[in-house]
Amino acid sequence: MRIRDLGVIDDAVVELAPGFTAVTGETGAGKTMVVTSLGLLLGGRADPGLVRHGAGRAVVEGRLELPADSPVAVRAVEAGAELDDGALLVSRTVSAEGRSRAYVGGRAVPVGLLTELGEDLIAVHGQTDQQRLLRPARQRGALDRYAGESVAEPLARYRETYRALREVSATLEELTTRARERAQEADLLRFGLDEIAAAEPVAGEDVELAAEAERLGHADALSSAATLAHAALAGDPADPEALDAGTLLAQSRRALDAVRHHDERLAALADRLNEVGYLLADVAGDLAGYADDLDADPVRLAAVEDRRAVLAQLLRKYGGEENTLAEVIAWAEAGSARLAELDGDDERIDQLGAQETELRAELAELAAEVSAARQAAAGRFAEAVSAELAELAMPHARVTFSITRVDDLAGIEVDGRSVAYGPHGVDEVEVLLAPHPGAQPRPIAKGASGGELSRVMLAVEVVFAGADPVPTYLFDEVDAGVGGKAAVEIGRRLAKLAETAQVVVVTHLPQVAAFADRHLVVEKTNDGTVTRSGVKVLNDEERVRELSRMLAGLEDSELGRAHAEELLAAARAPRHR
């Protein structure tokens with residue numbers, strides 16, 4: 001992680017160990033800025049007051065090593081980010097005016113995405129910032145993971161049944177609450193289907209009737225035209241002297257036939273005249289037949305127009321985009337299917353009601369099984385955490401789980417009570433703390449002071465180690481109010497937690513820092529105009545000097561150095577890890 005112009009830090013690079021990293025330094029050196037930087041990088045609130053005096057903006061950049069199939073990597077890729085050789089590059093800027101921007105994998109993203117990713121990346125425990133496990137939903141999830149298969153197996157069956165019940169209940173509710181709408185829809189469908197059935201439309205019928213109406217409406221004009229055309233082609237019986245096309249064509253053909261044998265070209269023209277004669281005779285005959293068949297029938301015309309009016313009404317009501325009778329017929333087919341579905345709803349309601357009752361009973365049995373497994377795991381958890389607290393200078397503290405249910409008349413019946421239920425069962429889960437004998441157990445966020453709370457969360461995280469998938473833990477001031485042997489135990493437990501996760505601790509106690517795999521010190525210098533801080537990785541010699549300073553306040557004290565070396569040796573001994 002690189003930090004620039006944040007608080008007292010001008011420009012510093014922080015490289016955290018995969019295991020346990022301790023961050024130390026004198027008061028005011030800027031240790032808190034390391035914690036703040038991690039918070040900003042993972043979606044924390046942007047405060048323009050954090051920008052170093054005289055700078056335009058503060059920048060925090062981080063490189064997160066993640067498996068490609070981890071939920072965080074998958075979610076980041078979905079948002080458009082790209083992984084850089086198996087790592088995710090994240091950055092956050094805060095301007096002096098208060099504007100904030102976030103980048104993930106080279107892509108600008110909403111700050112809310114950093115917050116979402118941070119939920120699965122880091123657990124923060126500090127004097128003022130206790131996150132994940134203080135929320136009951138997280139506590140329930142952690143307890144379920146701690147319980148293992150005893151909860152996971154029945155909970156998986158419960159969730160499957162829960163989904164099935166939700167689907168059945170939603171369908172049943174829709175059918176019952178929309179009874180009036182369904183009845184109205186059925187009535188409209190019946191009316192439309194009856195109207196179409198009474199008309200018995202045939203696809204294309206409207207087009208044929210339109211053509212017939214056009215013909216009948218102009219029957220007199222059509223008949224007169226056909227008669228005149230026939231007379232012009234074949235002659236008028238009323239005027240035998242009038243010339244017609246047939247007579248003229250016959251004269252032309254006879255004139256050519258007389259001399260056609262003298263010239264092949266003229267013979268070809270004579271043949272073409274013969275073809276014209278046959279065609280003219282056919283057309284004349286067809287015109288005579290057409291004129292004879294054509295009948296101006298007002299009664300038929302009226303019937304055609306009435307039928308067209310009926311079909312036009314159907315097209316207006318039930319036609320589609322193309323306004324054809326085929327679409328009307330298709331509407332009738334679909335309407336018949338829908339009406340059959342609506343008419344069968346009453347029987348379906350009865351079937352769904354019986355299915356819902358059966359699923360609710362099955363869900364209640366599974367919920368009781370999940371609750372029993374949680375209760376058993378909660379007892380083991382409470383004993384383990386209380387034992388851890390005894391070693392962390394809280395010998396009289398007791399941790400318990402409150403596993404309760406909420407009465408709900410619309411819920412499911414479990415152990416003789418109708419209780420609310422959800423996708424995780426019927427249990428409301430919360431971790432309670434009684435810090436001393438006689439104290440009333442209270443939620444851990446309310447039952448412990450700031451320093452105690454960090455120790456409680458450390459004990460909880462140690463017990464949950466391996467069950468909680470978060471990869472990184474940050475403890476700020478976890479050692480507040482303790483010293484001596486208790487401080488050594490805190491260091492030992494942080495080292496134990498670091499065996500399964502990455503642990504970052506800001507501490508004032510050398511007993512805690514001695515257990516770290518990597519020791520970072522935040523140092524400040526003053527050039528007379530601005531305070532700058534840097535973060536340095538200590539080697540073994542420098543680490544002895546820093547622990548000596550923390551122990552005696554005199555980093556060059558021989559007694560202090562001897563004590564520091566002894567402390568480091570004890571922390572590194574296998575029996576302590």
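1. Let me start at the C-terminal helices. Helix 18 (residues 540–552) and helix 19 (residues 558–572) have axes that come within 8 Å and cross at roughly 115°. Helix 18 is therefore roughly perpendicular to helix 19, and the crossing of the pair is right-handed. Please keep in mind throughout that this is a predicted model.

2. Which residues make this contact? From helix 18 come Asp-540, Glu-541, Arg-543, Val-544, Arg-545, Leu-547, Ser-548 and Leu-551, and they meet Gly-560, Arg-561, His-563, Ala-564, Glu-565, Leu-568 and Arg-572 of helix 19. By class, the residues where helix 18 touches helix 19 are five nonpolar, three polar and seven charged.

3. A second helix pair is worth a look beside that one. Helix 6 (residues 179–199) packs with helix 12 (residues 325–343) at an angle of about 140°, and their axes lie 9 Å apart. This angle makes helix 6 oblique to helix 12. The handedness of this crossing is left-handed.

4. The contact between helix 6 and helix 12 can be listed in the same style. On the helix 6 side are Arg-182, Glu-185, Ala-186, Leu-189, Arg-190, Gly-192, Leu-193 and Ile-196; on the helix 12 side are Val-328, Trp-331, Ala-332, Gly-335, Ser-336, Arg-338, Leu-339, Leu-342 and Asp-343. Nine of the residues in the contact of helix 6 with helix 12 are nonpolar, three are polar and five are charged.

5. Now to the N-terminal strands. Strand 1 (residues 2–6) has an antiparallel pairing with strand 2 (residues 9–13), over four bridges. The two strands form a hairpin with two residues between them, and Gly-7 in the turn has a positive phi of about 60°. Strand 1 is also joined to strand 4 (residues 57–65), again antiparallel, by three bridges. Ile-3 is a handy landmark here: this residue stands opposite Ala-12 in strand 2 and opposite Val-60 in strand 4.

6. Further along the chain there is an open sheet of three strands, in the order 9-12-13, with antiparallel pairing. Why do strand 9 (398–404) and strand 13 (442–443) each have one side without a neighbour in the sheet? Both stand at the edges and have a single partner strand each, so one side of each is left without a neighbour. The link between strand 12 (residues 428–434) and strand 13 consists of two bridges, and these strands run antiparallel. Across that pairing, Leu-432 stands opposite Pro-443 in strand 13.

7. Two helices pack on this sheet, and you may like to view them together. Helix 4 (residues 136–147) touches strand 9 and strand 12, and its direction makes about 95° with that of strand 12. Helix 13 (residues 345–390) also touches strand 9 and strand 12, with a direction at about 160° to that of strand 9.

8. Finally, the overall picture. The secondary structure of the protein comes to 19 helices and 17 strands. How does the radius of gyration stand against the globule rule? The value is 47 Å, well over the 25 Å that the rule gives for 577 residues, so the protein is more spread out than a compact globule. Along the principal axes, the C-alpha trace spans about 155 × 70 × 45 Å.

Conventions:
Residues numbered from 1 in each chain as written. Predicted model: local features only at pLDDT ≥ 70, side-chain atom pairs only at ≥ 80, totals over all residues. Heavy atoms only, no water. Axes fitted to C-alpha atoms, helices over the stretch in contact; angles between N-to-C directions. Parallel < 35°, antiparallel > 145°, perpendicular 65-115°, else oblique. Left-handed = near helix turned anticlockwise from the far one by under 90°. Contact = heavy atoms within 4.5 Å. Nonpolar A, V, L, I, M, F, W, Y, C, P; charged D, E, K, R; others polar. Pairing = 2+ DSSP bridges. Rg over C-alpha atoms; globule rule 2.2 N^0.38 Å.
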